[in-house]
Amino acid sequence: MQKKVNAENCKSEKFQTPRGVHDVLPDDHAYFTIIKKIVRHRARQAGFRRISTPAFEYKNVFVRAVGDATDIVEKELYSFSTKKGGEEFSLKPEGTAGIVRAYIQHGMSSLPQPVGLYYIEPHFRHDRPQKGRYRQFHQFGCEIIGELDPGIDAQIIQLAHLVHVDLKIADKLTLQINTIGCSTCREKYINNLRDYYIGKERSLCKNCVRRLEENPLRLLDCKEEDCCILAENAPKFSTEICDDCRNHHKRVLELLDAVGIEYKENVSLVRGLDYYTRTVFEFMDENGVAVGGGGRYDGLVENLGGQPTPACGYSGGIERIIEIMKSEYLVAPDKDQIDVFVAQLGFEAKKVALQLLTKLRECGVHAMGALGKASIKTQLGKADKFNVQYALIIGEVEVRENKIILRDMKSGVQEVISIGSAVTRVVKKVGEKNLDFYDPSDDLKVEKEVRPEDELLIRD
Ligand code: HAM
């Protein structure tokens with residue numbers, strides 16, 4: 001029986017993150033920051049607007065959208081129910097289902113179509129943890145809802161590709177693409193596939209025996225050796241595909257050619273979520289691990305209770321991208337670098353130090369000061385540990401003489417300057433392009449008129 005937890009009986013416990021989840025420490029945030037910046041830039045350039053859906057939804061949103069016979073729903077959902085009410089919720093294992101739910105709930109079909117939405121969010125899957133596979137991980141993604149044209153599929157793939165180019169990892173990734181047809185032509189194909197596998201169950205792995213019953217398409221992307229051999233000889237979808245789906249696929253490939261995006265057709269690619277129709281694609285790294293994937297999901301809006309609405313999208317795994325960046329020795333810029341350390345001794349000096357820190361920060365300089373009682377030597381030792389480039393040093397004598405010492409921490413060269421000139425001198429040394437200057441009043445304006453987007457929120 002599980003021991004009841006209370007503050008007393010967990011006193012001696014050594015607390016750690018649960019298995020498969022991790023803290024994002026400041027060094028890794030440098031990577032998160034650059035990835036988010038690039039995603040935001042590319043998404044806005046292409047007319048997408050940002051959306052965040054809740055960390056948890058009613059479980060049925062995922063059951064309906066992703067499919068109850070998928071690994072994600074069957075094995076990987078973190079589900080819970082409240083004592084009061086007893087409704088079942090799940091932490092979101094992926095973003096598309098929640099976004100489609102939001103599209104329907106907020107009446108986005110009345111906005112100009114198609115609606116382009118992007119997101120950068122944590123997701124949760126009770127996966128078996130290993131390198132690149134976590135129980136909490138982050139995805140960026142983009143969805144275009146409300147347009148059937150193959151140009152949408154090409155644009156989504158292009159956006160993902162451009163993010164990879166900006167992150168300098170595009171040449172490490174291969175785009176694999178396939179079509180799995182519409183519900184009509186897929187039905188015929190699935191029947192053919194079932195016929196082919198029946199009688200061969202003994203050569204299939206345990207999971208595939210179950211997949212044959214529940215979701216035969218998934219037999220094609222099993223990684224077990226015997227299943228791979230059988231999959232290679234399985235009937236090909238191209239014999240069953242209807243003309244509309246064939247043309248759609250052909251057009252997507254032609255459009256990718258037109259914008260110079262290389263791809264490999266992979267007839268076994270089916271993806272592990274049930275909502276896909278027609279185009280499916282994945283960006284694979286050199287070890288065959290998917291760094292991101294997506295596709296068209298023309299039936300999902302209707303499946304979740306909306307009007308029939310075509311859509312297409314993509315998500316990339318941020319942790320997997322960071323791993324590739326690190327393996328390529330790509331260093332993310334450290335925006336947290338401290339430019340100047342202000343060391344002081346004595347109460348009058350402390351007042352001046354605090355005023356200087358305030359002014360330096362207002363001018364965009366990253367400035368730090370130890371305002372405790374430690375000796376100047378100890379404070380400078382600290383500045384060294386923070387890898388600071390410059391130090392301003394002030395004691396009671398300097399205050400009386402209206403002076404301050406400016407020290408270059410790397411060379412050790414120091415000069416005595418007036419307190420009044422200290423901020424200007426440091427700003428000049430740090431250099432304009434390195435200043436972190438931001439005035440929020442440039443961005444925030446009071447607008448009395450209610451805009452149509454606001455009405456959408458007010459309606460809730
Ligand atoms: P997905 O292929 O399940 O697609 O996930 C997209 C990416 O998320 C994967 O390629 C991988 O990089 C990352 N990922 C998935 N599971 C984990 C994990 N346990 N640990 C670390 N990274 C992981 C989707 O989620 C779809 N919603 C994509 C989509 C958007 N389709 C249409 N629109």
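## Close-up views of the ligand shell and helix α4

**View 1. Strand β10 gives the largest share of the shell around the ligand, 6 residues.** The model shown is predicted. In total, 27 residues surround the ligand. The closest are Glu 94, Tyr 134, Glu 143, Arg 271 and Tyr 276. By class, the shell holds 10 nonpolar, 10 polar and 7 charged residues.

**View 2. Polar atoms of the protein face nitrogen atoms of the ligand.** Glu 94 places a polar side-chain atom 2.6 Å from a ligand nitrogen. For Glu 143, a polar side-chain atom lies 2.9 Å from a nitrogen atom of the ligand. Tyr 314 takes part through its backbone: a polar atom there is 3.3 Å from a ligand nitrogen. On its own, the ligand has 660 Å² of accessible area, and the protein covers 96% of this. Three elements give two or more residues each to the shell: β6 (136-145), β10 (290-296) and β11 (311-317).

**View 3. Helix α4 spans residues 96-105 and is largely enclosed by the rest of the structure.** Why is the helix described this way? Of its 10 residues, 8 are buried, so the surrounding structure largely encloses α4. The buried residues are Thr 96, Ala 97, Gly 98, Ile 99, Val 100, Arg 101, Ala 102 and Tyr 103.

**View 4. The buried residues of α4 pack against several elements.** The helices among these partners are α2 (59-66) and α10 (300-303). The strands are β2 (56-58), β5 (115-124) and β6. Strand β6 also gives two or more residues to the ligand shell. Just after α4 comes Gly 107, with a positive phi of about 60°.

Key. Residues are numbered from 1 along each chain as its sequence is written. This is a predicted model: local features need pLDDT of at least 70, side-chain atom pairs count only at pLDDT 80 or more; totals for chains, interfaces and linings use all residues. Side-chain values use heavy atoms; hydrogens and water are left out. A residue is near a molecule or strand if one of its heavy atoms lies within 4 Å of it. A polar contact is a pair of N or O atoms within 3.5 Å; within protein, one must be able to donate a hydrogen and the other to accept it, and residues adjacent in sequence count only if both atoms are side-chain atoms. Accessible areas come from the Shrake-Rupley method with a 1.4 Å probe; for residues, only the protein chains shown count as cover. Helices (H or I, at least four residues) and strands (E, at least two) are DSSP runs, numbered from the N terminus. Ala, Val, Leu, Ile, Met, Phe, Trp, Tyr, Cys and Pro count as nonpolar, Asp, Glu, Lys and Arg as charged, and the others, Gly among them, as polar. Buried means under 20% relative accessible area, exposed over 50%, partly exposed in between (1.4 Å probe, protein chains only). Contact means heavy atoms within 4.5 Å.
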